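Biologist: Could you walk me through this one? I'd like to start with what counts as buried.

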Amino acid sequence: MMIPLATAEETEALGTKLVVDTSVPWKTLALYGELGAGKTTLVRGVVRALGGNPDDVHSPSYVLEHHYEINGGVLLHRDAWRGDAGETCGLPSQFQRLIVEWPDKANPDLWPGPVLSVTLEHAPSGRIASVPDGVL
């Protein structure tokens, strides 16, 4: 399913829907998209929907991993641009969910399932999200 996203607010709202309105109980969210496509903005919506503070969300590009406190534990937000999404580091004891940016550079065999993949692309009117049919 293709979803047009004209604003950052719509992108963040999609992140919320991926938690609240989804028919897929994902444990790992694989986020595909070029620089500036809205991956981190979408994560803000996910964090908000899970009871965390969206203002804490920042791109993991430089630090490789952020931990966000959410209801019931921790959401890990990892960046695999350099070829690893922290798979070899394991998961903290309070782990609830994992989000991986640049997942094509990581090892999905080591991610907790189920895995949901979403792609964000630049478009003349903002962004377009590709979400598997039946997810929303």
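Modeller: Buried here means under 20% relative accessible area, and exposed means over 50%. Please keep in mind that this is a predicted model.

Biologist: Fine, so which residues of helix 1 are buried?

Modeller: The buried residues of helix 1 are Thr-11, Glu-12, Leu-14, Gly-15, Leu-18 and Val-19. Seen down the helix axis, they fall within an arc of 150°, so they line one face of helix 1.

Biologist: And what sits on the face turned away from the buried side?

Modeller: That face of helix 1 carries the exposed residues Glu-9 and Val-20.

Biologist: What covers the buried residues of helix 1?

Modeller: The cover includes strand 1, strand 2, helix 2, strand 6 and strand 7, the last of these being residues 126-130. Helix 1 lies across strand 1, strand 2, strand 6 and strand 7, and runs at about 140° to strand 1.

Biologist: Does the length of helix 1 agree with what its 13 residues should span, and what are the numbers?

Modeller: At 1.5 Å a residue, the 13 residues of helix 1 should span 18 Å, and the end C-alpha atoms are 19 Å apart, which agrees.

Biologist: Switching to the sheet, what is the strand order?

Modeller: Seven strands form an open sheet in the order 1-7-6-2-5-4-3, with mixed pairing. Strand 1 and strand 3 each have a single partner strand and stand at the edges, so one side of each is left without a neighbour in the sheet. From one strand to the next, the twist averages 20°.

Biologist: In which sense do strand 2 and strand 5 pair?

Modeller: Strand 2 and strand 5, the latter covering residues 95-101, pair in the parallel sense over four bridges, and Thr-28 stands opposite Leu-98 in strand 5. Helix 2 packs on the sheet, where it touches strand 2, strand 3, strand 4 (73-79), strand 5 and strand 6, and its direction makes about 155° with that of strand 2.

Biologist: Now the core: how many residues are in the largest nonpolar one, and which have the most contacts inside it?

Modeller: The largest nonpolar core has 25 residues, and those with the most contacts inside it are Leu-18, Leu-29, Leu-42, Val-46 and Leu-75. Its largest share, four residues, comes from helix 2.

Biologist: What does Leu-75 touch?

Modeller: Leaving aside residues up to four places away in sequence, Leu-75 touches Val-46, Val-47, Leu-50, His-66, His-67, Tyr-68, Ile-70, Arg-97 and Ile-99. Apart from the largest core lies another core, of 10 residues, among them Leu-76, Phe-95, Leu-98 and Val-100.

Definitions and conventions
Residues are numbered from 1 along each chain as its sequence is written. This is a predicted model: local features need pLDDT of at least 70, side-chain atom pairs count only at pLDDT 80 or more; totals for chains, interfaces and linings use all residues. Side-chain values use heavy atoms; hydrogens and water are left out. A nonpolar core is a set of buried Ala, Val, Leu, Ile, Met, Phe, Trp, Tyr and Cys residues joined through side-chain atoms within 4.5 Å. Buried means under 20% relative accessible area, exposed over 50%, partly exposed in between (1.4 Å probe, protein chains only). Helices (H or I, at least four residues) and strands (E, at least two) are DSSP runs, numbered from the N terminus. Contact means heavy atoms within 4.5 Å. The expected span of a helix is 1.5 Å times one less than its number of residues. The arc is that of the directions from the helix axis to the C-beta atoms. Two strands pair if DSSP finds at least two bridges between them. Axes are lines fitted to C-alpha atoms, for helices over the stretch in contact, and angles run from 0 to 180 degrees between N-to-C directions.
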